[in-house]
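The following exercises concern a predicted model. Please study the sequence and the structure, attempt each task, and then compare your reasoning with the worked solution.

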Amino acid sequence: MTSTAEDSLREMFAMIELEMRRLRHDRTEIYTRAIQPILWLAVFGSVMSEVRGIPTGGIPYIDYITPGVLLQSTIFVSVFYGLTIVWERETGILKRLLVAPASRSATVIGRSIASGVRAVVQALIIFPVAILLGVKFVPNPIYIVAAFIVLFLVSGGFAAISIFVASLMKTRERFMGLGQALIMPLFFASNALYPIELMPPALQYVALVNPLTYAVDAVRGLLISGDLSNLAVDVAAILVFDVLIFAVASVSFKKIIE
Amino acid sequence: MTLAIETSGLTKTYNGRTRALDGVDLSVDQAEVFAFLGPNGSGKTTLMRILTTQFRPTSGEARAFGLDVVRRGAEVRSMIGYVPQETSVWLDITGRENLLVYSKIYGVPRSRRVERIEDAISAMGLEEVAERMVKTYSGGMTRRLEIAAALLVKPRILFLDEPTIGLDPSARKAVWESLTAFKRECETTVFFNTHYMDEADHYSDEIAIISRGRIVKSGTPGELKRSLHGEILQLRFNSSHHQNQNQNGFDERALGRIKDLDLVRDAALCGSRLDIFVEDGERALPLVIEALRSEGVTFERISTARPTLDDVFLRYAGPLSSGRGGDGR
C-alpha cells in the first residue's frame, strides 16, 4: 500500500519527465520564444545603455535588465502553460489524471513544477546569448545555480497562476487575452527595467506586491551585482507567493473538471 | 459473490437544477461486459464519472467491489482503468513514451513497468507503431493506445466511455477484437458507454438503457429483444404447391393448428407467405415445423424477422418513451 504522498511525488516527477520528453522531440517553441528576450537585450538594452538616464548603481544597463529579461521569458513560458491545461481539459487527459492515485494538488503542483523546468530550459538558451552580448555575470557557479533555482521557483508560481486562470477561463481565446494582459504590466510594474524609486508612488506599491520585483532583485544580486543582502527577504517573498498560489490553484482546479 | 459495480438511488444534480441522474440502481457482475446505452445527454457520462471517482453523486451510493466510490476513492482508483471519450494521450511524444509516463503516474512498480508496457502494447496490437509519434496515428490506433494505457494497472474494472466513437468500421472491429482477446485472458469486468447498438449486441453480456437520468430497461441483449414480443417467423410456400392446395379447406385447418400452439400469439397468411408471431422464435420454430409437417404442408424457406437492439432502444429510450413521466421536474 503506497501513501498518497508517495503517489503525488511520483506523479510530479512523471510530469517533469513528460515535459522533458516533449522538449526532446520538438524544441522549436523554445527557440522562437527566445527571440523576443534576445531583442530586449540586444536592441533595447544596447540603446538604453547609451542614454545612461537610469540610475543603475554603476552597472551597465544591459547587465541591469538581464535578470528581468530572463525572468520575463521564463514567466511567458509559465503563464502560457495554462494553455496546455486548457487543451488537456478539452481532451480527456485531465479526466484521466483525476483517476490516477495521486492527489489533485499533486497534479497542480506537478504541472507547475514541470512548467518551471521548461522555463529554466528557456532561460538556459538566453543565458549564453547574454554572455555574447557582453553581459558580465558574477563568476561564481554557485551563485548562477542559485539564480536558476530562483527562476524555477518563480516560474512554478506563475504556472500555478496560469492553471488558476485556466480554471476560470475555460476556452483558449479567453485565456490568450488574459495571458497577454497579465505579463507586460507585471514586467513594467517591477524593478526589471528601472529602480522602483523612479516610479510614481502608486505604482511603487504595486511593485512591492509584485512577486516579479523580489525575483528580479534576487536574480540581479546573484548574477550581476553579487549583493546578497536582500536575498533572504526575496526568497521568503517568493516562497510565500508560491505556497499561496499553489493553494489557490489546487482549490480552483476542481472547477476545471466540471 | 461481490458485485463489480453496484449503485443504489444514485442522483446527480448540476448547479442545483439540471438533473443528470435521477435514481440509478445498477448491478454489474464480476468479469461481465456491461453496455450502458442511452441517447446523448441521458446521463451516461455522468454515471461513469461518478463511478470513476471524478465527482461525487448528489445523493445515493455507488460501490466498486464493495468499496464506496466517495469514501474510499483512493482504493477504487487503484483498481480501475478508465478511458474517457476524448483523446487522453499526448500527441507530441511516442506511444511508448505515453505508456511510460502513464505507468509512472498510475504508480506501476518500477520492477514491473517494462513488462506491463510490453503486455499492454501487445494486447492492443501496437507493436509496430509504439515508437512513432502519436500525432501520426490513425483514430483507431490512438484509441487502442488509450486503452493500452488503462491496462497498465491490470484493472479489475475497465471503464470505457464511448470507446469507438468516430472510428470507421474496421477500426472499431480492431478495437473490439483486441478488447475481447484481453478480456478472455484477464477476466476483467468491462463497463462501457455507447450508442452503437451493434456493439452492445455483439460484445456485451448485459445491457442497461438509460433515458433522462433513469434506467428504463436492463437485461441480456436477447432478453431485451425478446421483451418487445415482436418476433416473426416467415414461411414461404412453394408457389406451385400453393396453387394446388384447396385454400379454404386445408390451409385454414393448418392455420388454426398453428394458432393453437404454445408460444404462438398469432398467425396470418399473406399470399404464399405465412407470418407467425411468436414470443421466442428459437423455441417456437421446432413446434411450428412439426405441426406443418403433420399437416403435410411443405415450404420452401423460413426466415425470422427479429427486433433489433435499435428497435429496443427506440422503444425504451426513444422520443415516444414514457421515461419522462413523474420525475417531478
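**Exercise 1.** Determine how many bridges join β3(B) to strand β8 of chain B, and establish whether the two run parallel or antiparallel.

*Solution.* Step 1: strands here are DSSP runs of type E with at least two residues, helices are runs of H or I with at least four residues, and both are numbered from the N terminus. Two strands pair if DSSP finds at least two bridges between them. Step 2: β3(B) and β8 (residues 189-194) of chain B are joined by 5 bridges and run parallel. Step 3: within this pair, Ala35(B) stands opposite Phe192(B) in β8(B).

Two conventions apply throughout: residues are numbered from 1 along each chain as its sequence is written, while chains are lettered from A and ligands numbered from 1 in the order in which they are written. Because the model is predicted, local features need pLDDT of at least 70 and side-chain atom pairs count only at pLDDT 80 or more, whereas totals for chains, interfaces and linings use all residues.

**Exercise 2.** State how many residues of β3(B) are buried, and which residues point each way from the strand.

*Solution.* Step 1: a residue is buried if 20 or more other C-beta atoms lie within 10 Å of its own, exposed if 12 or fewer do, and partly exposed in between, with C-beta atoms placed from the backbone. Step 2: by this criterion, 5 of the 5 residues of β3(B) are buried, and the strand is mostly covered. Step 3: in a regular strand the side chains alternate between the two faces of the sheet. Step 4: Val33(B), Ala35(B) and Leu37(B) point one way, Phe34(B) and Phe36(B) point the other way, and all are buried.

**Exercise 3.** Describe the surroundings of strand β9 of chain B and identify the strands that are joined to β9(B).

*Solution.* Step 1: strand β9 (residues 206-211) has 6 of its 6 residues buried, so β9(B) is largely enclosed by the rest of the structure. Step 2: one side carries Glu206(B), Ala208(B) and Ile210(B), the other Ile207(B), Ile209(B) and Ser211(B), and both faces are covered. Step 3: strand β3 (residues 33-37) runs parallel to β9(B), joined by 4 bridges, and Phe36(B) stands opposite Ala208(B). Step 4: strand β10 (residues 214-219) runs antiparallel to β9(B), joined by 5 bridges, and Ile209(B) stands opposite Lys217(B). Step 5: β9(B) and β10(B) form a hairpin with 2 residues between them, and Arg212(B) in the turn has a positive phi of about 50 degrees.

**Exercise 4.** Where is Glu162(B) found, and where is the place of Leu263(B)?

*Solution.* Step 1: Glu162(B) is found in the loop between β7 (157-161) and α6 (169-186) of chain B. Although Glu162(B) is not a glycine, its phi is positive, at about 50 degrees. With 19 other C-beta atoms within 10 Å, Glu162(B) is partly exposed. Step 2: Leu263(B) lies in the loop between α10 (247-260) and β12 (264-270) of chain B. Its phi is also positive, near 75 degrees, in a residue other than glycine. Leu263(B) has 15 C-beta neighbours inside 10 Å and counts as partly exposed.

**Exercise 5.** Set the radius of gyration of chain B beside that of a compact globule, and give the domains of the chain.

*Solution.* Step 1: the radius of gyration is taken over C-alpha atoms, and the globule rule is 2.2 Å times the number of residues to the power 0.38. Step 2: for 329 residues a compact globule would have a value near 20 Å, but chain B has 25 Å. Step 3: the C-alpha trace of chain B spans about 80 × 50 × 35 Å along its principal axes. Step 4: the domain assignment, which is automatic or comes from a database, gives domain 1 (5-225) and domain 2 (231-305) of chain B. The centres of these two domains, taken over C-alpha atoms, are separated by 46 Å.

**Exercise 6.** How many residues of chain A are in contact with chain B, and which helix of chain A gives the most to that side?

*Solution.* Step 1: two residues are in contact if their C-beta atoms, placed from the backbone, lie within 7 Å. Step 2: 26 residues of chain A are in contact with 23 residues of chain B. Step 3: α1 (4-25) and α5 (93-98) of chain A each supply at least two residues of the side of chain A that touches chain B. Of these, α1(A) gives the most to that side, with 11 residues.
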